Amino acid sequence: MIGKKAFALSAAIVFSFAFSLHLLRVIYNWELIIGGVSLPMWVSWVGVIITGFLLMQGFKFSKK
């Protein structure tokens, strides 16, 4: 069981990093250009929601 807990905690840490970047982009209104295409801000709003949910689940499963 230690392996599953470590994996869940590692995943939660990775998702918290992604969550933080999406949230910073929304707060500071940073422009994101990938391959010459400017991504709309709603992409980061979706990213905040999804990564926030995944990091909460990761922390929840790491404590079981």
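In this predicted model, helix H1 is followed by Asn-29, a residue whose phi is positive, near 55°. Asn-29 adopts this positive value although it is not a glycine; most residues other than glycine have a negative phi. The residue is found in the loop between H1 and S1, and Asn-29 counts as exposed because its relative accessibility is 58%, where the cut-off for that class is over 50%.

Helix H1 itself comprises residues 2-28, 27 residues in total, and reaches 39 Å from its first C-alpha to its last, a span close to the 39 Å expected at 1.5 Å a residue. The buried residues of H1 are Ala-8, Ala-11, Ala-12, Arg-25 and Val-26, so that the buried set includes an arginine, Arg-25, alongside alanines and a valine. These buried residues pack against three elements, namely strand S1 (32-34), strand S2 (37-39) and helix H2 (41-62).

The packing of H1 with H2 was examined further. The two helices pack at an angle of about 155°, with their axes 7 Å apart; because angles over 145 degrees count as roughly antiparallel, H1 is assigned a roughly antiparallel arrangement with respect to H2. H1 passes H2 in a left-handed crossing, and the contact between H1 and H2 contains, by class, 15 nonpolar, eight polar and two charged residues.

Individual residues on either helix illustrate this contact. Phe-19 is located in helix H1 and, with a relative accessible area of 24%, is partly exposed, since this value falls between the cut-off of under 20% for buried residues and that of over 50% for exposed ones. When residues up to four places away in sequence are not counted, Phe-19 touches Val-48, Thr-51, Gly-52 and Leu-55. Ser-44, in turn, lies in helix H2 and counts as buried, because its relative accessibility is 1%. With the sequence neighbours up to four places away again not counted, Ser-44 touches His-22, Arg-25 and Val-26, and among these contacts Arg-25 and Val-26 belong to the buried residues of H1. Phe-19 and Ser-44 are separated by 25 residues in sequence and by 9.1 Å in space, C-alpha to C-alpha, and Ser-44 does not appear among the listed contacts of Phe-19, which are Val-48, Thr-51, Gly-52 and Leu-55.

Methods: Residues are numbered from 1 along each chain as its sequence is written. This is a predicted model: local features need pLDDT of at least 70, side-chain atom pairs count only at pLDDT 80 or more; totals for chains, interfaces and linings use all residues. Side-chain values use heavy atoms; hydrogens and water are left out. Helices (H or I, at least four residues) and strands (E, at least two) are DSSP runs, numbered from the N terminus. The expected span of a helix is 1.5 Å times one less than its number of residues. Buried means under 20% relative accessible area, exposed over 50%, partly exposed in between (1.4 Å probe, protein chains only). Contact means heavy atoms within 4.5 Å. Axes are lines fitted to C-alpha atoms, for helices over the stretch in contact, and angles run from 0 to 180 degrees between N-to-C directions. Angles under 35 degrees count as roughly parallel, over 145 as roughly antiparallel, 65 to 115 as roughly perpendicular and the rest as oblique. A crossing is left-handed if the near helix is turned anticlockwise from the far one by less than a right angle, and right-handed if clockwise. Ala, Val, Leu, Ile, Met, Phe, Trp, Tyr, Cys and Pro count as nonpolar, Asp, Glu, Lys and Arg as charged, and the others, Gly among them, as polar.
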